[in-house]
Every structure is written in C-alpha cells, then in structure tokens.
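Reader: Hi! Could you walk me through this one? I'd like to start with the cysteines and see where we end up.
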Amino acid sequence: MKYSALHRNIRIRIITDFFTDLTQKSILPFMAIYLSVRLGASWAGLLLTANILLSMLVSLGAGYWSDRIGRKKLMVSAQCIQVFALFWMAAANSPWLDSVWLTCIMFTFSSVSSGVSIPVANAMIVDVSSERERQYVYGLQYWTTNVAITFGALMGGLLFETNRFLLFGLVLAESVATLAILVTLIHETMETHSHSNVPVSRKRSSMFSTYGDVLRNRRFMTFFAATVLAVALEFQLDKYIAVRLKNEFSAQLFQWDITGLQMFSFVLAINTVLVALIALPFSKWMLRYSSRSVMTVGMVLYTLGFALLAVSNWAMLLIAAAVVYTIGELMYSPVQKVLLAGMIPDTNRAAYMAADSMSYNAAALMGSIGLSIGAILPSYAMACLYLLMGLGALCLFRSSLDRQTFTSGNSGNSSSGTMAS
C-alpha cells in the first residue's frame with residue numbers, strides 16, 4: 001500500500017486534517033486557562049460545556065444534511081466559518097484590541113466549524129476508499145493526528161500566553177490555505193454511490209427519524225458502547241492515572257530521582273515518540289493479518305497497559321506499560337475505524353459518523369467519573385475496573401460484527417459493507 005495510490009481526496013484530506021488538528025490543539029487545550037483567568041472558573045466551565053454541547057448538536061445536523069446535499073458544500077462552508085472565526089480571534093487579541101468576549105464568541109464559531117467538518121470528512125474518506133485501503137488510511141490518520149497534537153501543544157505552549165495575536169495569525173493563514181485547497185482540489189464524493197435501491201421515503205426522512213433508525217440499530221449501538229468503553233480508558237490517562245502518580249509515585253530511574261508528575265510526562269513522551277516512529281510501518285505490517293486477530297490482540301495489550309498504569313509504582317514496569325498500551329492502541333484504533341466503515345449503510349454514512357463521534361463525548365464523561373471513583377477505590381480495584389472495561393469493549397466489538405465483517409486485510413475491495421437489518 002502506497003500513499004500515492006490512494007484517491008486524491010484522501011491524500012488531500014490527510015494533509016488538511018493535519019493542519020486542522022494542529023490549529024485545534026494549539027488553541028483548545030489553553031482556552032480553559034485563558035477563560036478562567038479572564039472570566040473566572042465558573043464562567044469558563046459554563047462556556048466550555050456550552051461549546052461542547054453545541055458542537056455535538058451541530059455535528060448531528062451536519063451528518064444528516066451531508067447525506068442529502070453532499071460532502072464538499074458542508075466542508076467548504078465549515079472552513080469558511082473557521083477562517084471567519086480565526087480572523088476575529090486574531091483581531092480580538094491584537095495590539096489594537098483586547099476583547100475576551102469577542103474571543104469567546106469566535107471560539108464558539110470555531111467549535112461549530114469543527115462539529116460540521118468532522119463527520120463529513122470521515123464520511124468522505126469512506127466514500128472513496130476500499131476495505132483493503134482503510135486500515136492503512138486510518139493508521140496514517142492516527143499518525144498525523146498524534147504528530148499534529150504534539151506540534152500544536154508546543155505552539156500553544158510557546159505562544160498562547162505571550163503572543164496570542166501571532167498564534168491566531170499563524171493558524172488563520174493555515175485555515176485560509178486549507179479553504180483554498182478544499183475549493184479547488186476536493187471533489188464531491190457522495191455521487192459515486194448509487195442510491196437507486198433506497199426507498200424515496202427514506203431519502204426524505206427527517207433528522208429525527210434518521211437518528212431514530214441509528215438508535216434502533218442494535219449492531220451499531222453495540223459497537224458504539226464498545227467504543228465508549230475503549231476510549232474511556234484513554235481518557236483515564238490524564239485524569240485518574242495522572243493524579244495517582246502525582247500522589248503515590250516517587251522513585252529513582254537510572255540514579256535520578258523522579259516525581260509522579262515527571263513519570264507521567266515520561267509515559268506521555270513514550271507514547272508520542274513510539275507513535276511518531278512506528279505508526280506508519282506498523283499499520284502496513286498489520287495488513288497481513290485478519291482484522292479479527294488484530295482487534296483482539298490490540299485490545300488485550302491496550303487493556304493490560306492501562307491496568308498496569310493504574311496500579312504499579314515501579315518505574316520500569318510503568319515504562320513497559322506505556323509501550324504495551326501504545327502498541328495495543330496502534331493495533332486496535334485503525335481497525336476499529338475500518339470495522340465501523342464496513343458496517344454503516346451507504347445512504348446515511350455521515351449521520352452514522354456523527355452519531356459515532358458522540359461516543360468520544362461519552363468516553364470523556366466516563367474519564368471524569370473515573371477520577372471521582374478513584375478517590376474512593378484503591379489502585380488495585382481501579383486496575384480491575386480497567387480490565388473489565390477493556391475486556392467488555394472487546395466482547396462488545398466482537399459481538400457487534402459477524403464473521404464476514406472480519407475479513408483479512410489482504411482481501412476484499414468493496415467500498416464498504418452493508419448493515420444487517
């Protein structure tokens with residue numbers, strides 16, 4: 001599998017998604033601090049929560065309309081909103097103007113843009129990729145996303161507090177370039193699939209009935225629950241696990257005294273470096289094995305790694321756990337997206353992608369709840385809870401998919417599977 005062999009839309013989307021992720025990760029993680037300092041913690045929490053809820057609602061609407069009017073129109077519209085928002089965010093933090101409320105309003109517009117673009121872009125990738133290509137494509141996306149997060153966090157850390165005008169100016173320039181690429185180089189993809197066999201009543205179904213069908217689809221909802229449990233483990237990393245290491249860990253590593261926070265930073269660094277170095281060759285290597293095997297082994301490693309991080313205070317075991325969970329994530333995460341793409345119906349792809357994105361919000365909520373539970377339960381009990389969550393996710397993943405879905409990565413060239421009724 002080669003990058004040059006992929007459909008042009010996919011090649012372009014991987015590049016533009018990298019810069020979009022770079023934009024979001026250089027701003028979003030620091031907005032809570034900015035709003036807390038300027039408006040107070042209560043207002044900051046309220047505004048950020050409202051942004052998340054609004055983004056979720058907009059995402060559902062975008063998924064519905066993308067399946068009816070096309071992908072490109074919504075993607076271009078969303079990017080126009082992003083350019084507009086970043087322009088005024090730069091203006092609101094310039095030498096000539098300092099307005100926290102204008103920054104807040106434009107940050108909301110930026111969140112709306114992201115809510116529109118994510119499910120639509122995901123549906124576009126499925127439109128123009130074969131089953132055999134998807135594991136490589138999602139592995140490549142996983143790599144670019146993690147690299148973008150790293151560089152975005154670095155940009156934000158260096159510039160957000162000291163020179164927001166420069167930071168917003170840089171990401172504005174990137175967003176303008178992305179808009180130009182979308183307008184001139186991206187082609188509409190929804191028309192590549194025939195809907196002639198779909199009843200007219202279904203084509204004209206309302207948003208409520210469309211998502212009602214999604215909720216009644218047992219296979220998809222089982223898969224949704226599995227995704228929530230799996231991703232919730234990842235959200236434990238910067239919550240319960242970080243707090244536990246800060247409170248419990250103190251040791252020597254290669255004759256250096258290290259604190260719990262330093263150990264936590266080291267775990268994150270291991271994850272970042274491993275992803276940057278091996279994600280691409282690893283995703284190609286995984287193509288030779290069946291998706292069923294890769295998913296099973298990946299989830300077991302992923303779960304074991306988090307269970308060890310929840311209970312161990314031995315530095316070398318924590319390092320090994322970071323390596324194990326990263327390898328597990330590299331295995332299961334791209335395959336999870338491949339399997340999702342294969343089980344959603346052609347006619348409502350973006351709607352299902354929008355519904356699937358809700359699983360990450362639910363997982364984030366479980367991550368916060370896990371921090372509260374961890375204040376009551378001992379670390380070994382949390383490790384057992386993580387094992388149950390991971391194994392539960394694996395069982396749900398396997399039960400939601402029939403054997404035909406778990407085809408070998410080297411076979412099958414169909415653009416997608418079909419959902420069983």
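Author: Happy to. Cysteine 104 counts as buried, because its relative accessibility is 7%. Buried here means under 20% relative accessible area, exposed means over 50%, and partly exposed is in between, with a 1.4 Å probe and protein chains only.

Reader: And cysteine 80, is that buried or exposed?
Author: Cysteine 80 counts as partly exposed, at 38% relative accessibility.

Reader: How many disulfides are there?
Author: The count comes to zero, where a disulfide is a pair of cysteine sulfur atoms within 2.5 Å.

Reader: What should I know about the model before I go on?
Author: This is a predicted model: local features need pLDDT of at least 70, side-chain atom pairs count only at pLDDT 80 or more, and totals for chains, interfaces and linings use all residues. Residues are numbered from 1 along each chain as its sequence is written, and side-chain values use heavy atoms, with hydrogens and water left out.

Reader: Great. How many helices and strands are there?
Author: The protein has 15 helices and four strands. Both are DSSP runs numbered from the N terminus: helices are H or I with at least four residues, strands are E with at least two.

Reader: What share of the residues is buried?
Author: 51% of the 421 residues count as buried. The protein exposes about 18,900 Å², and carbon and sulfur atoms supply 68% of that. Those areas come from the Shrake-Rupley method with a 1.4 Å probe; for residues, only the protein chains shown count as cover.

Reader: Now the packing. Which residues have the most contacts inside the largest nonpolar core?
Author: Met299, Phe306, Leu309, Tyr386 and Phe397 do, in a core of 77 residues. Helix α13 (residues 315-343) gives the largest share of this core, 15 residues. A nonpolar core is a set of buried Ala, Val, Leu, Ile, Met, Phe, Trp, Tyr and Cys residues joined through side-chain atoms within 4.5 Å.

Reader: What is phenylalanine 306 in contact with?
Author: Leaving aside neighbours within four places in sequence, phenylalanine 306 is in contact with Leu233, Glu234, Leu237, Ile241, Tyr325 and Tyr386. Contact means heavy atoms within 4.5 Å. There is also a second, separate core of 35 residues, which includes Leu39, Leu47, Met75 and Val83.

Reader: How much of the contact network is long-range in sequence?
Author: Taking contacts between residues at least 6 apart in sequence, 86% join residues at least 24 apart.

Reader: Switching to charges: how many salt bridges are there?
Author: Seven salt bridges, each being a side-chain nitrogen of Lys or Arg within 4 Å of a carboxyl oxygen of Asp or Glu. One of them joins aspartate 17 to arginine 13, with the closest N and O atoms 2.5 Å apart. Both of these residues are buried. Because they are four residues apart in helix α1, about one helical turn separates them.

Reader: Why would that spacing suit a pair?
Author: An α-helix has 3.6 residues a turn, so residues three or four places apart point the same way.

Reader: Where do arginine 216 and aspartate 213 lie?
Author: They both lie in helix α8 (residues 207-216), three residues apart. They form a salt bridge with the closest N and O atoms 2.6 Å apart. Arginine 216 is exposed at 58% relative accessible area, while aspartate 213 is partly exposed at 34%.

Reader: And what about glutamate 248?
Author: Glutamate 248 forms a salt bridge with arginine 244, the closest N and O atoms being 3.0 Å apart. Both lie in helix α10 (residues 237-248). Glutamate 248 is partly exposed, at 41%, but arginine 244 is buried, at 2%.

Reader: Which residues are linked in a network of salt bridges?
Author: Asp67, Arg71, Asp127 and Arg349.

Reader: Last one: why does the length of helix α6 look right?
Author: At 1.5 Å a residue, its 22 residues (164-185) should span 32 Å, and the end C-alpha atoms are 31 Å apart, which agrees. The expected span is 1.5 Å times one less than the number of residues. Among the buried residues of α6 are Phe168, Val171 and Leu179, and what covers the buried ones includes α1 (8-39), α3 (71-92), β1 (93-94) and α5 (131-159).
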